[in-house]
Amino acid sequence: MTDDARAKRTQTLATAAKAKSQAKTAAAEKAIRTLVKRGEPITFQAVQREASVSHAFLYNHPELRGRIERLRAQARPVPAPAPAADERNTLVLALTSQITRLKKQHREEVQALRDALEQAHGENLDLRRELARRSLPGQVQAS
């Protein structure tokens, strides 16, 4: 292999890596904006999940890391003064029931999403089979 060809391949790979990194950065920035619009907490895990990038990418990207850390710190609520003992029991009961309700709602939503995904996978499989059936060479198509 000539040095010119090697240099060209190296340049092509470097260009592709840079484009991939820029795309991941753009996806992470979009994810941050989306999370802010939805009022969700900005965390590394939330951004990673929303942007489909790795934790390592976010932590190794100084600008994104700083931005996420600032937004995460801003979102931390200021602790409220401690309620009285009898209020604590009521508060604990209220929060416990709220958490239970939210957990149930979350489980139902996750199950609905899983069901929808399963249905979509089935439809996708049917469509792929139909496409394969229609595109078999030498086979006569029925009208």
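The pLDDT is the predictor's confidence in each residue, from 0 to 100. This structure is a predicted model, in which local features need pLDDT of at least 70 and side-chain atom pairs count only at pLDDT 80 or more, while totals for chains, interfaces and linings use all residues. Residues are numbered from 1 along each chain as its sequence is written, and side-chain values use heavy atoms, with hydrogens and water left out. The chain has a mean pLDDT of 86, with 87% of its residues at 70 or more.

**Overall architecture**

- The chain contains 5 helices and 0 strands, where helices (H or I, at least four residues) and strands (E, at least two) are DSSP runs numbered from the N terminus.
- Read from the N terminus, the order of elements is α-α-α-α-α.
- Among these elements, helix α5 (residues 85-134) has the highest mean pLDDT, at 91, and helix α4 (residues 62-75) the lowest, at 86.
- Of the 143 residues, 13% are buried; buried means under 20% relative accessible area, exposed over 50%, and partly exposed in between (1.4 Å probe, protein chains only).
- The exposed area of the chain is about 11900 Å², of which carbon and sulfur atoms supply 57%; accessible areas come from the Shrake-Rupley method with a 1.4 Å probe, and for residues only the protein chains shown count as cover.
- Residues at least 24 apart account for 40% of the contacts between residues at least 6 apart in sequence, a contact being heavy atoms within 4.5 Å.

**Nonpolar core**

- A nonpolar core is a set of buried Ala, Val, Leu, Ile, Met, Phe, Trp, Tyr and Cys residues joined through side-chain atoms within 4.5 Å.
- The largest such core has 15 residues, and those touching the most other members are Ala 28, Ile 32, Ile 42, Val 47, Leu 58, Leu 64 and Ile 68.
- Helices α1 (3-38), α2, α3 and α4 each supply at least two residues of this core.
- Beyond its neighbours within four places in sequence, Ala 28 is in contact with Val 47, Ala 51, Leu 58 and Leu 64.

**Helices α1 and α4**

- The buried residues of α1 are Thr 25, Ala 28, Ala 31, Ile 32 and Leu 35, and their cover includes α2, α3 and α4.
- In α4, Leu 64, Gly 66, Ile 68 and Leu 71 are buried, and these residues pack against α1, α2 and α3.
- The 36 residues of α1 should span 52 Å at 1.5 Å a residue, which agrees with the 52 Å between its end C-alpha atoms; the expected span of a helix is 1.5 Å times one less than its number of residues.
- For the 14 residues of α4, the expected span of 20 Å likewise agrees with end C-alpha atoms 20 Å apart.

**Aromatic pair**

- The chain has 1 aromatic pair; rings of Phe, Tyr and Trp (its six-membered ring) pair if their centres lie within 6.5 Å, and planes under 30 degrees apart count as stacked, over 60 as edge-to-face and the rest as tilted.
- Phe 44 and Tyr 59 form this stacked pair, at 4.1 Å centre to centre and 15° between the planes.
- Phe 44 lies in α2 (residues 44-51) and Tyr 59 in α3 (residues 55-60), so the pair ties together parts that are 15 residues apart in sequence.
- Phe 44 is buried at 3% relative accessible area, whereas Tyr 59 is partly exposed at 33%.

**Backbone features**

- Gly 39, just after α1, takes a positive phi of about 75°.
- Most residues other than glycine have a negative phi.
- Ser 52, although not a glycine, has a positive phi of about 55°.
- Ser 52 is located in the loop between α2 and α3 and is exposed, at 65% relative accessibility.
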